[in-house]
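User: I am still learning to read models of this kind, and I would like a close look at a single part. Please take the salt bridges and their surroundings, and explain each term as you go.

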Amino acid sequence: LLANDFALAPAVAALLKSAHFFDGETIGARVKSPVEHVLGFHAESGTGAIPALQDTIRAITFVTDQRLFYPPNVAGWPGHRDWLTSSTLPTRWLYTNAVLTGIDGMAEALQGVALALPSPYVARDLVVDVATLWLGTAVDPADTATVDRLIGVLLGDIPEYEWDPTAPGAGTRLVGLALHLAVQPEYQLS
């Protein structure tokens with residue numbers, strides 16, 4: 001600003017040309033609010049809005065410090081990193097775990113999500129697509145360490161060529177992958 005006699009245009013141009021502006025570490029680095037976390041989770045898992053969960057959703061957002069329609073002040077909720085504390089983060093994990101393992105039809109819902117993806121029968125493509133969907137950032141298929149880890153979560157000791165998303169037990173394996181993704185730090189970001 002000083003070098004350009006306080007003209008804003010050169011300062012904004014310099015900011016937008018900065019490598020920091022396009023740094024992958026900062027793009028999308030906003031913590032999901034409890035409501036975004038819960039409703040986004042249901043959208044991503046294929047469960048949508050289940051009427052029986054409305055009271056549970058109200059309760060979980062209250063426990064994670066976002067009581068709907070009752071902001072702490074006129075400015076609203078502080079948000080961002082304030083959404084993650086030593087009590088709210090484990091509560092988020094417990095909620096997604098309880099829903100993934102406790103709702104009848106969850107395995108089938110996740111199978112439906114998987115079958116709607118471009119390559120559900122190719123395990124490597126599937127884990128990349130599911131992780132990209134759930135984590136909100138593209139997973140590089142060339143990142144073999146990450147893809148192999150996700151393949152291990154999905155398949156265990158089963159060879160990749162035996163993967164079939166319609167086979168008995170495939171839904172349970174998809175629940176395991178979803179459980180793994182839901183506790184990743186990236187999952188907390190929008």
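Analyst:
**Salt bridges, close up**

The side chains of Glu160 and Arg124 meet in a salt bridge, with 3.2 Å from N to O; the term stands for a side-chain nitrogen of Lys or Arg within 4 Å of a carboxyl oxygen of Asp or Glu. This pair links distant parts of the chain, since Glu160 belongs to the loop between helix 7 and helix 8 and Arg124 to helix 6, 36 residues apart. Salt bridges that share partners join Glu160, Arg124 and Asp148 into one network.

Before going further, please keep in mind that this is a predicted model, in which local features need pLDDT of at least 70 and side-chain atom pairs count only at pLDDT 80 or more, while totals for chains, interfaces and linings use all residues. Residues are numbered from 1 along each chain as its sequence is written, and side-chain values use heavy atoms, with hydrogens and water left out. The helices named here are DSSP runs (H or I, at least four residues; for strands it would be E, at least two), numbered from the N terminus.

The other link in the network is between Arg124 and Asp148, whose side chains meet in a salt bridge at 2.4 Å, N to O. Here too the pair joins distant parts of the chain, with Arg124 in helix 6 and Asp148 in helix 7, 24 residues apart. In general, side chains of opposite charge can pair when their charged atoms come close.

How buried or exposed are these partners? Arg124 is partly exposed at 29% relative accessibility, Asp148 has a relative accessible area of 37% and is partly exposed, and Glu160, at 33%, is partly exposed as well. Buried means under 20% relative accessible area, exposed means over 50%, and partly exposed lies in between (1.4 Å probe, protein chains only).

Helix 7, which holds Asp148, deserves a look of its own. Its twelve residues, 144–155, should span 16 Å at 1.5 Å a residue, and its end C-alpha atoms are 15 Å apart, which agrees; the expected span is 1.5 Å times one less than the number of residues. Val147, Leu150, Ile151, Leu154 and Leu155 of helix 7 are buried. Seen down the helix axis, the buried residues fall within an arc of 115°, so they line one face of helix 7, the arc being that of the directions from the axis to the C-beta atoms. This fits a general rule: an α-helix has 3.6 residues a turn, so residues three or four places apart point the same way. Among what covers the buried residues are helix 6 (123–135) and helix 8 (170–182), where contact means heavy atoms within 4.5 Å. Just after helix 7, Gly156 takes a positive phi of about 65°.

The structure holds three salt bridges, and Glu36 forms one of them with Arg30, their closest N and O atoms being 2.6 Å apart. Glu36 has a relative accessible area of 32% and is partly exposed, and Arg30, at 41%, also counts as partly exposed.
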